[in-house]
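Got your viewer open and a selection box ready? Let's walk through this one stop by stop.

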Amino acid sequence: KSDGSWIVRNDVWIWYLGRKGNLSVGYGAQRNRIGPEFQFGNVIGNAIDEPVLLIKVAWGGKSLAKDFRPPSSGGEVGDCFSEMLKHIDSVMSNLSTDFPELAKREAILSGFGWHQGWNDGCSKEQTAEYETNLVNFIKDVRKELNTPKLPFVIANSGFAGWDQTVDRRLHIIKAQSDAASRPEFAGN
């Protein structure tokens with residue numbers, strides 16, 4: 001704003017690991033920070049007329065190969081995968097309590113944003129299985145949330161920008177793009 005204070009959206013709400021309210025600064029890794037949710041929420045809020053609720057589930061330093069490991073990838077299901085689903089279910093189930101402004105509205109889960117990849121790019125083994133794990137993650141999240149065509153947005157992990165030369169990092173970027181380009185995900 002012109003007085004130097006941050007804008008607080010009255011049409012976009014956010015829940016982030018127990019912190020909840022109208023979208024503004026304070027929903028990044030620390031209360032005085034922002035994360036990708038800030039501008040994402042502003043863009044979505046400007047693009048549609050309906051109220052928007054962002055459910056942000058983010059823990060730094062986690063991998064898709066272990067922490068968010070989906071059931072279809074075999075092995076032990078990642079703790080973060082299970083916790084993420086619990087958080088989504090809890091927020092959707094307690095909408096009228098946590099967000100009274102939205103109490104009379106039907107909650108529709110209409111999209112999923114995925115911004116992750118750094119930790120998987122630290123290991124050649126995890127890098128090699130990233131595309132498969134990401135595809136399984138998308139399918140398993142859709143299955144668990146009973147939303148077979150839930151649109152996914154995969155934020156490409158740019159790492160060091162256009163000048164990236166580390167092969168593991170480049171492979172993660174390619175795996176993210178290749179997963180999103182699969183025919184079974186066309187249009188969603």
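Start by selecting Glu37 and Lys56 and showing their side chains: they meet in a salt bridge, 2.6 Å from N to O. Glu37 sits in helix α1 and Lys56 in strand β3, so the pair ties together parts that are 19 residues apart in sequence. Keep in mind that this is a predicted model.

Are these two charged residues buried or exposed? Glu37 is buried, with a relative accessible area of 6%. Lys56 counts as buried too, at 14% relative accessibility.

**Next stop: the sheet**

Lys56 has brought you to β3, so now show the strands as ribbons. You'll see an open sheet of three strands in the order β2-β1-β3, with mixed pairing. At the edges stand β2 (19-22) and β3, each with a single partner strand, so one side of each is left without a neighbour in the sheet. Neighbouring strands here are turned by 10° against each other on average, direction ignored.

Colour the strands by direction and the mixed pairing shows up. β1 and β2 run antiparallel and are joined by four bridges, while β1 and β3 pair in the parallel sense over five bridges.

Now click on Ile14. Which residues does Ile14 pair with on either side? In β2, Gly21 stands opposite Ile14; in β3, the bridge partner is Leu54. Step along to Trp15 and you'll find Lys20 of β2 opposite.

While you're here, follow the chain round the hairpin of β1 and β2. There are two residues between the strands, and Leu17 takes a positive phi near 45°.

Then select β1 (12-16). Five of its five residues are buried, so to speak of it as mostly covered is fair. Val12, Ile14 and Tyr16 are buried on one side of β1, and Trp13 and Trp15 are buried on the other, which leaves both faces covered.

**What lies on the sheet**

Turn the helices back on. α1 (36-47) lies across β1 and β3, running at about 160° to β3. α2 also packs on the sheet, touching β1 and β3, and its direction makes about 150° with that of β3.

Zoom in on α2, residues 79-93. This helix has 15 residues and reaches 21 Å from its first C-alpha to its last, close to the 21 Å expected at 1.5 Å a residue. Which of its residues are buried? Select Cys80, Phe81, Met84, Leu85, His87, Ile88 and Val91. Look down the axis of α2 with those picked out: they fall within an arc of 160°, so they line one face of the helix.

Add the surroundings to see what that buried side packs against: β1, β3 (52-56), α3 (95-98), β4 (112-114) and α5 (130-144). Now spin to the face turned away from the buried side, where the exposed residues Asp79, Lys86 and Ser93 sit.

**A quick look at a loop**

Go to Ile48, in the loop between α1 and β3. Ile48 counts as partly exposed, at 39% relative accessibility. Try a C-alpha to C-alpha distance to Asp11: the two are 9.9 Å apart in space and 37 residues apart in sequence.

**Back to the salt bridges**

How many salt bridges are there in the whole structure? A search finds 10, and here are some to visit.

Select Glu129 and Arg69, which form a salt bridge with their closest N and O atoms 2.9 Å apart. This pair links distant parts of the chain, 60 residues apart: Glu129 is in the loop between α4 (124-128) and α5, and Arg69 is in the loop between β3 and α2. Glu129 is partly exposed, with a relative accessible area of 27%, whereas Arg69 counts as buried at 14%.

Next, jump to helix α6, residues 167-180. Lys174 forms a salt bridge with Asp178, with 2.6 Å between the closest N and O atoms. Being four residues apart in α6, Lys174 and Asp178 are separated by about one helical turn. Asp178 is partly exposed, with a relative accessible area of 25%.

For the last selection, pick Glu131, Lys139, Arg182 and Glu184 together: a network of salt bridges links these residues.

Conventions: Residues numbered from 1 in each chain as written. Predicted model: local features only at pLDDT ≥ 70, side-chain atom pairs only at ≥ 80, totals over all residues. Heavy atoms only, no water. Expected span 1.5 Å × (residues − 1). Buried < 20%, exposed > 50% of the residue type's maximum accessible area, 1.4 Å probe, protein only. Arc of directions from axis to C-beta. Contact = heavy atoms within 4.5 Å. Salt bridge = Lys/Arg side-chain N within 4 Å of Asp/Glu carboxyl O. Pairing = 2+ DSSP bridges. Axes fitted to C-alpha atoms, helices over the stretch in contact; angles between N-to-C directions.
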